[in-house]
Amino acid sequence: MRSLFIKISLFGLVVCAAGQLSAGTVGFWRFEPGATRADSSGNGLTLTRTSTDLKVVDRPSSGSGSYLSIIPQTGAENDGVAHLDGLGKRFYVADTNLFDFGSNAFTFETFVTPTTNGFQTVVEKVDEWRMGINEASGKLTLSLYDGVSEWKTALKIFDGATSFTAGNDYYVAAVVAPGVSNTVVSFYYQNLTAGGELLSDVKTIAGINSLNNSAEPFNLNGNIAGRSMDYMDEVRLSSGALSQSELFATFPELGFGVLSRVPSRMIPAETGWI
Ligand SMILES: [Ca+2]
Ligand SMILES: [Ca+2]
């Protein structure tokens with residue numbers, strides 16, 4: 001009887017371990033000094049760059065690319081950022097089965113700073129999905145490839161045509177959750193330069209219930225100068241649908257973002273970081 005109990009317990013542990021593997025961080029590219037293009041998720045998805053023109057630089061203390069000095073979710077210091085400089089060059093990772101989400105959800109988050117280039121590519125898993133921002137129209141878009149010939153797009157404008165002003169810093173995220181016949185896209189947006197609140201909205205992409213699986217790479221930034229951003233940082237891709245309180249720009253359990261340039265005295269004491 002005791003042996004049976006042990007076997008059941010061990011089986012439970014194995015099941016739990018397998019479950020944890022299915023939801024977690026796929027890649028977390030922090031662009032930190034010394035680590036530069038390394039993946040801090042533990043999965044070893046180090047970024048390659050198409051040109052040495054793409055730099056990892058010290059985080060500016062103010063202005064464009066300054067983002068947040070502390071990551072709210074983890075309390076980690078943020079000391080470095082990627083400077084993309086309108087060059088149309090990319091960071092990329094070759095395809096791996098870690099990117100194969102199929103009918104499961106995923107979450108993509110990042111800090112971005114637009115240029116004056118109108119539409120700019122934030123991320124693209126070629127022939128699978130991509131996120132864009134539009135400096136001219138204010139659109140935040142998430143598109144899915146239908147596996148045949150067509151991209152289908154969910155879009156949200158959070159703050160009018162000036163939602164993505166060149167040189168300003170933003171946090172953007174999308175939780176992409178395939179359902180029985182449609183895919184639900186939950187967008188998040190925060191204007192860090194203006195000290196705005198974390199905003200969110202839910203959209204639907206009709207007719208797609210599974211994410212296409214290609215052997216193409218995962219790319220950050222646009223592939224031509226006209227689609228390039230200025231800075232980006234803290235790029236995190238997670239399997240599963242993260243809740244608002246799990247996003248890296250929010251305090252765990254509180255579920256809202258730190259206002260980027262508020263004095264530390266305004267950070268809630270219960271976070272334990274002050
Ligand atoms: Ca960083
Ligand atoms: Ca693949």
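**Reading the strands of a predicted chain**

Modeller: The secondary structure of this chain comes to one helix and 15 strands. The model is a predicted one.

Colleague: What share of the 274 residues counts as buried?

Modeller: The share is 40% of the chain. As for contacts between residues at least 6 apart in sequence, 64% of them join residues at least 24 apart.

Colleague: How should I read a sheet, and in what order do the strands of the open one lie?

Modeller: In general, side chains in a regular strand alternate between the two faces of the sheet. Here, seven strands make up an open sheet, ordered β2-β5-β14-β7-β8-β9-β10, with antiparallel pairing. Its edges are β2 (48-49) and β10 (151-157), each of which pairs on one side only.

Colleague: How many bridges link β9 and β10?

Modeller: There are seven, and β9 (residues 139-145) runs antiparallel to β10. One pair to locate in the viewer is L144 with its bridge partner K152 in β10.

Colleague: Now take β15. Is this strand mostly covered or mostly open?

Modeller: Mostly covered: β15 spans residues 231-239, and eight of its nine residues are buried.

Colleague: Which residues of β1, β4 and β6 can I use to trace the pairing with β15?

Modeller: Take them in turn. Strand β1 (residues 24-29) pairs with β15 in the antiparallel sense over five bridges, and W29 has V235 as its bridge partner. Strand β4 (residues 80-83) is joined to β15 by two bridges, again antiparallel; there, A82 is partnered with M232. Strand β6 (residues 106-113) has seven bridges to β15 and is antiparallel to it, with E109 standing opposite R236.

Colleague: How do I read a nonpolar core, and which of its residues touch the most other members?

Modeller: The general idea is that nonpolar side chains in soluble globular proteins tend to be buried together. In this chain the largest nonpolar core has 61 residues, and V172, A174 and M232 touch the most other members. Strand β11 (residues 170-178) supplies the largest share of this core, with seven residues.

Colleague: M232 has come up twice. Which residues is M232 in contact with, leaving aside neighbours within four places in sequence?

Modeller: The contacts of M232 are A82, L84, T110, F111, V112, L220 and N221. Of these, A82 is also the bridge partner of M232. To put the pieces together, M232 lies in β15, a mostly covered strand, and M232 is among the residues with the most contacts to other members of the largest nonpolar core.

Technical notes: Residues are numbered from 1 along each chain as its sequence is written. Chains are lettered from A and ligands numbered from 1 in the order in which they are written. This is a predicted model: local features need pLDDT of at least 70, side-chain atom pairs count only at pLDDT 80 or more; totals for chains, interfaces and linings use all residues. A residue is buried if 20 or more other C-beta atoms lie within 10 Å of its own, exposed if 12 or fewer, and partly exposed in between; C-beta atoms are placed from the backbone. Helices (H or I, at least four residues) and strands (E, at least two) are DSSP runs, numbered from the N terminus. Two strands pair if DSSP finds at least two bridges between them. Two residues are in contact if their C-beta atoms, placed from the backbone, lie within 7 Å. A nonpolar core is a set of buried Ala, Val, Leu, Ile, Met, Phe, Trp, Tyr and Cys residues joined through C-beta atoms within 7 Å.
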